[in-house]
Amino acid sequence: MAAMMVAARQGRELQRYSASTGGRIVVGCIPYRVRDDNGEVEVLVICSRKKGASAGVLFPKGGWELDESMDEAARREALEEAGVRGETGQSLGRWCYQSRSYEATYEGYMFPLRVTDELERWPEMSGRGRTWVTVQDAMDRCPHLWMREALQRFADRVADAAL
């Protein structure tokens, strides 16, 4: 049976906006796996569509829409941007950050996502690379403070074995 490609959502008609900041509410995830050979935790990072790998690495994230839960939004973004499916864990927290493209403050939420399926083809594969890296490598290469803070919370959970 042939795999069917899912199209990425586009547009802002269903977008949620923050009552406290007025900016978009975005939801993302930190996709991860535990290696069978050594038990090491790796995270899946993507590159920016606009700036490429030279701008550092990111985690999948995007707008939380009216017709979905936060969990569904996190899983949708992982599928669209990184080509993975998985199971989300408890939220890593909430961050407010300044948009680099618009004069707006966004409200962002991040979740861990244990990857169960890595697709060969995904909606944004032509514009984004993806790479499995160590938590430390992701921390060193991520340019966004709020994403590094989410990654640190994830790393703390891993250390406490509370995934």
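Start by selecting Ser18: setting aside neighbours within four places in sequence, this residue is in contact with Gly23, Ile25 and Glu107. Keep in mind as you click around that you are looking at a predicted model.

**Stop 1: Ser18 and its surroundings**

Ser18 sits in the segment before strand S1 (25-34). Is Ser18 buried or exposed? Its relative accessibility is 5%, so Ser18 counts as buried. Now show the backbone of Thr21: its nitrogen lies 3.1 Å from a polar atom of the Ser18 side chain. Leave Glu107 on display, since that contact of Ser18 comes back at a later stop.

**Stop 2: step back to the whole chain**

Switch to a cartoon view for a moment. The protein chain has 3 helices and 7 strands, and going along the sequence you will meet them in the pattern β-β-β-α-β-β-β-β-α-α. Of its 163 residues, 47% count as buried. Among contacts with a separation of 6 or more, 68% are between residues 24 or more positions apart. If you turn on the surface, the accessible area comes to about 8,900 Å², and carbon and sulfur atoms make up 47% of that.

**Stop 3: the salt bridges**

Back to side chains. How many salt bridges are there? The count comes to 14, and three of them are on this tour.

Select Arg94 and Glu107 first. Their side chains meet in a salt bridge, with 3.2 Å from N to O. Arg94 belongs to strand S5 (residues 93-98) and Glu107 to strand S6, so this pair ties together parts that are 13 residues apart in sequence. The two ends are not equally covered: Arg94 is partly exposed at 41% relative accessibility, whereas Glu107 is buried at 7%. This is also the Glu107 that touches Ser18.

Next, select Arg128 and Glu81, whose side chains form a salt bridge at 3.5 Å, N to O. Here the pair links distant parts of the chain: Arg128 is in the loop between strand S6 (105-118) and strand S7 (130-134), while Glu81 is in helix H1 (residues 70-82), 47 residues apart. Are the two partners buried or exposed? Arg128 counts as buried, with 11% relative accessibility, and Glu81 is buried too, with a relative accessible area of 7%. The cut-off for buried is under 20% relative accessible area.

For the third, go to Arg35 and Asp37. Their side chains meet in a salt bridge at 2.4 Å, N to O. Arg35 is partly exposed, with a relative accessible area of 30%, and Asp37 is exposed at 57%.

**Stop 4: Glu72 in helix H1**

While helix H1 is fresh in mind, select Glu72, another of its residues. Glu72 is partly exposed, with a relative accessible area of 37%. Add Thr88 and draw a distance between the two C-alpha atoms: the separation is 9.0 Å, for residues 16 apart along the chain.

**Stop 5: the aromatic residues**

Now look at the rings. The structure holds 4 aromatic pairs. One of them is Trp95 with Trp146, a tilted pair with 6.2 Å centre to centre and 50 degrees between the planes. Trp95 lies in strand S5 and Trp146 in helix H3 (residues 145-159), so the pair ties together parts that are 51 residues apart in sequence. Both of these tryptophans are buried.

Then turn to Tyr97 and Tyr106. Why is this pair edge-to-face? The ring planes stand at 80 degrees, with the centres 5.7 Å apart, so the pair is edge-to-face; the angle for that class is over 60 degrees. Tyr97 and Tyr106 are both buried.

Select all four rings together to see how they belong with one another: Trp95, Tyr97, Tyr106 and Trp146 form one aromatic cluster.

**Stop 6: a charge over a ring**

For the last stop, select Arg16 and Trp64. What sits over the ring of Trp64? The charged end of Arg16 does, 3.7 Å from the ring centre. Rotate until you look across the Trp64 ring from the side, and you will have the charged end of Arg16 and the ring in one view.

Notes. Residues are numbered from 1 along each chain as its sequence is written. This is a predicted model: local features need pLDDT of at least 70, side-chain atom pairs count only at pLDDT 80 or more; totals for chains, interfaces and linings use all residues. Side-chain values use heavy atoms; hydrogens and water are left out. A salt bridge is a side-chain nitrogen of Lys or Arg within 4 Å of a carboxyl oxygen of Asp or Glu. Buried means under 20% relative accessible area, exposed over 50%, partly exposed in between (1.4 Å probe, protein chains only). Helices (H or I, at least four residues) and strands (E, at least two) are DSSP runs, numbered from the N terminus. Rings of Phe, Tyr and Trp (its six-membered ring) pair if their centres lie within 6.5 Å; planes under 30 degrees apart count as stacked, over 60 as edge-to-face and the rest as tilted. A charge sits over a ring if NZ of Lys or CZ of Arg is within 6 Å of the ring centre and within 35 degrees of the ring normal. A polar contact is a pair of N or O atoms within 3.5 Å; within protein, one must be able to donate a hydrogen and the other to accept it, and residues adjacent in sequence count only if both atoms are side-chain atoms. Contact means heavy atoms within 4.5 Å. Accessible areas come from the Shrake-Rupley method with a 1.4 Å probe; for residues, only the protein chains shown count as cover.
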